[in-house]
Amino acid sequence: MSRPAWLVTTPIYYANAEPHIGHTYTTVVADTLVRWRRQRGIDAFSVSGTDEHGEKMVEAAAARGLAPAAFTEAVSATFQRTWVELGISPSRFVRTTEPAHVRNVQAVLQRVYDAGWIDQREYEGLYCVGCERFLTERDLVDGKCRDHERVPERRREVNYFFLMSREFAWLREEIASDRIWIRPERYKNEALAMLRDESGLGDLSISRPKARLAWGIELPFDSAHVCYVWFDALLSYLTGAGFDGTKPADAQPPEFAARWATAEHLIGKDILKPHAIFWPIMLKAIGLPPYRRLHVHGYWNVDNRKVSKSLGNMISPLAMRERYGFEPFRWFLLREMSFGLDANFTEEALVERVNADLANNLGNLVSRTLNLVEKLCAGRVPEAGPDEREERAVLEGADAARARVDAALEAVQPHLAAAAVVEYASAVNRYVDGRAPWKAAKDPATEPLARATLHVACQALARLRALLVPLLPAAAEEIAARLALGPDGALVPGAPVRKGAPLFPRLELVREG
Ligand code: MSP
């Protein structure tokens with residue numbers, strides 16, 4: 001039997017500036033979930049990419065004196081290179097300008113048009129280029145877009161509309177009953193609130209006149225218009241999963257069908273509306289089932305303001321790697337943000353968190369255990385001793401930690417998984433302190449107990465290593481190498497260990513200037 005499939009997506013990122021902490025967070029969470037599922041024998045597949053059409057790109061390219069195609073090509077390459085360098089590359093990276101995607105978008109538009117889901121109308125409203133959409137009253141604060149802090153433009157134009165409002169009742173029912181699963185709960189409620197008060201919603205304009213914006217995918221049924229960037233962007237999830245637009249929804253390639261049946265999206269809270277409202281109805285129009293789950297996270301703030309390209313307070317993942325190492329930064333992202341809530345980023349907090357969790361706790365457990373094995377057991381993993389109550393408790397603790405990590409990652413609560421790992425490492429450290437093998441080894445009567453303690457500590461490290469595989473893959477690999485674990489990750493008594501340099505050196509805050 002082939003392995004069960006699983007699909008996770010990150011948003012596709014606007015190719016108008018470099019990757020920052022917000023993008024890195026979602027990409028790291030997706031990478032963590034994929035590694036966790038692969039560890040359990042699942043054929044996990046991840047999709048990410050770059051969103052390259054729309055006015056925002058034209059503006060950003062013009063500001064640099066470039067054509068949109070050349071500009072987005074360069075920025076997209078930066079995203080791809082960054083993920084490769086950080087070891088968090090998605091299985092499939094979709095560019096919305098690539099031919100396979102353009103073909104899919106046009107095929108879907110034509111199919112949906114033929115099925116009577118699209119209508120032509122005249123439209124007038126306040127348009128925000130930052131959001132790439134017409135705003136409603138509630139999007140405004142003092143006459144400005146609340147997200148982009150800029151005054152929207154009044155525009156009047158002929159638009160094609162996707163007739164989404166006719167499915168609002170259906171959608172409300174799907175979301176309320178969790179057939180369309182949106183979590184944390186507050187975002188499910190937010191989506192339901194949008195649907196309750198439809199004044200902020202309506203049918204969706206999915207076209208832009210070419211006369212004003214030529215940088216987009218041409219509508220197959222009217223070459224004077226291009227496709228609205230969000231309609232194009234959401235379809236990248238299908239392109240990434242292997243959808244073939246030339247075939248109807250019920251005749252898709254088997255790998256697409258298997259992945260789509262399990263699809264889970266990760267997004268930030270600002271793009272809830274397109275994912276909770278537009279997307280399920282688009283899928284219905286295409287004839288595909290809805291995604292399985294939508295997981296919504298909050299913002300990373302710096303000085304309590306959202307990090308964003310337009311506000312210019314971005315934290316670069318490559319700069320953080322340079323200063324502190326990538327895995328310490330990855331750890332901070334996973335551990336510090338309660339998935340669903342906002343979190344504040346400071347380098348002080350990063351240094352403190354990493355030193356407490358990794359240097360002083362986990363790293364210290366690795367160092368002291370391997371040191372003692374070297375000194376007291378001639379550098380070889382000691383045999384198990386008698387099965388004492390305390391020893392058994394340490395190993396049962398590993399099972400409990402495993403269960404907590406599994407439950408947390410299943411629920412996409414990576415911070416709880418990280419917390420479970422740290423708590424288990426603390427418990428093992430306390431056990432080693434209590435047994436004091438360095439003292440016990442000095443007396444021939446208690447020497448066997450010292451060796452038994454170290455055996456249990458090595459067992460616990462092997463279990464911790466397995467828990468770390470999704471969270472800190474490089475550190476997990478290093479622990480496996482130092483403990484000379486077998487190919488299945490199991491401890492091999494008698495195997496030669498290697499002490500090595502500290503796994504997580506204590507960090508110092510890097511002050512600029
Ligand atoms: N291109 C659209 C998404 C299309 S998906 C079909 C887009 N791109 S974006 O580059 O602006 O944002 C991508 C993701 O980054 C969003 O999920 C957004 O929430 C997230 N973040 C942007 N800034 C963020 C923070 N400061 N903190 C956390 N995530 C935030 O929207």
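Here are a few notes on this predicted model, covering its ligand site, two helix pairs and two backbone details.

1. The ligand site is a good place to start. There are 24 residues around the ligand, and those that come nearest are I12, D51, G268, D270 and W300. Three of these residues also turn up in the polar contacts described next, so have them on screen as you read.

2. Two aspartates reach the ligand through their side chains. For D51, a side-chain N or O atom is 2.7 Å from a nitrogen atom of the ligand. For D270, a side-chain N or O atom is 2.4 Å from an oxygen atom of the ligand. G268 takes part through its backbone: one of its backbone N or O atoms lies 2.9 Å from a ligand oxygen.

3. Next, the pair α5 and α6. Helix α5 spans residues 168-176 and helix α6 spans residues 185-196; their axes come within 10 Å and cross at roughly 160°. Angles over 145 degrees count as roughly antiparallel, which makes α5 roughly antiparallel to α6. The crossing of these two helices is left-handed.

4. Who makes that contact? From α5 come F168, L171, R172, I175 and A176, and from α6 come K188, A191, L192, L195 and R196. By class, the contact of α5 with α6 holds seven nonpolar and three charged residues, with no polar ones.

5. Just ahead of α6 there is a backbone feature to look at. The peptide bond from R183 to P184 is cis, with omega near -5°. P184 sits in the loop between β9 (181-183) and α6. For context, most peptide bonds are trans.

6. The second helix pair is arranged at another angle. Helix α1 (residues 21-39) packs against helix α12 (residues 326-336) at about 90°, and their axes are 10 Å apart. The 90° angle therefore makes α1 roughly perpendicular to α12.

7. In this packing, α1 contributes I21, T24, Y25, V28, V29, D31, T32 and R35, which meet F326, F329, R330, L333 and L334 of α12. Sorted by class, the contact of α1 with α12 has eight nonpolar, two polar and three charged residues.

8. One last backbone point: E149 is not a glycine, yet its phi is positive, at about 55°. Most residues other than glycine have a negative phi. E149 lies in the loop between β7 (144-145) and β8 (153-162).

Definitions and conventions: Residues are numbered from 1 along each chain as its sequence is written. This is a predicted model: local features need pLDDT of at least 70, side-chain atom pairs count only at pLDDT 80 or more; totals for chains, interfaces and linings use all residues. Side-chain values use heavy atoms; hydrogens and water are left out. Axes are lines fitted to C-alpha atoms, for helices over the stretch in contact, and angles run from 0 to 180 degrees between N-to-C directions. Helices (H or I, at least four residues) and strands (E, at least two) are DSSP runs, numbered from the N terminus. Angles under 35 degrees count as roughly parallel, over 145 as roughly antiparallel, 65 to 115 as roughly perpendicular and the rest as oblique. A crossing is left-handed if the near helix is turned anticlockwise from the far one by less than a right angle, and right-handed if clockwise. Contact means heavy atoms within 4.5 Å. Ala, Val, Leu, Ile, Met, Phe, Trp, Tyr, Cys and Pro count as nonpolar, Asp, Glu, Lys and Arg as charged, and the others, Gly among them, as polar. A residue is near a molecule or strand if one of its heavy atoms lies within 4 Å of it. A polar contact is a pair of N or O atoms within 3.5 Å; within protein, one must be able to donate a hydrogen and the other to accept it, and residues adjacent in sequence count only if both atoms are side-chain atoms.
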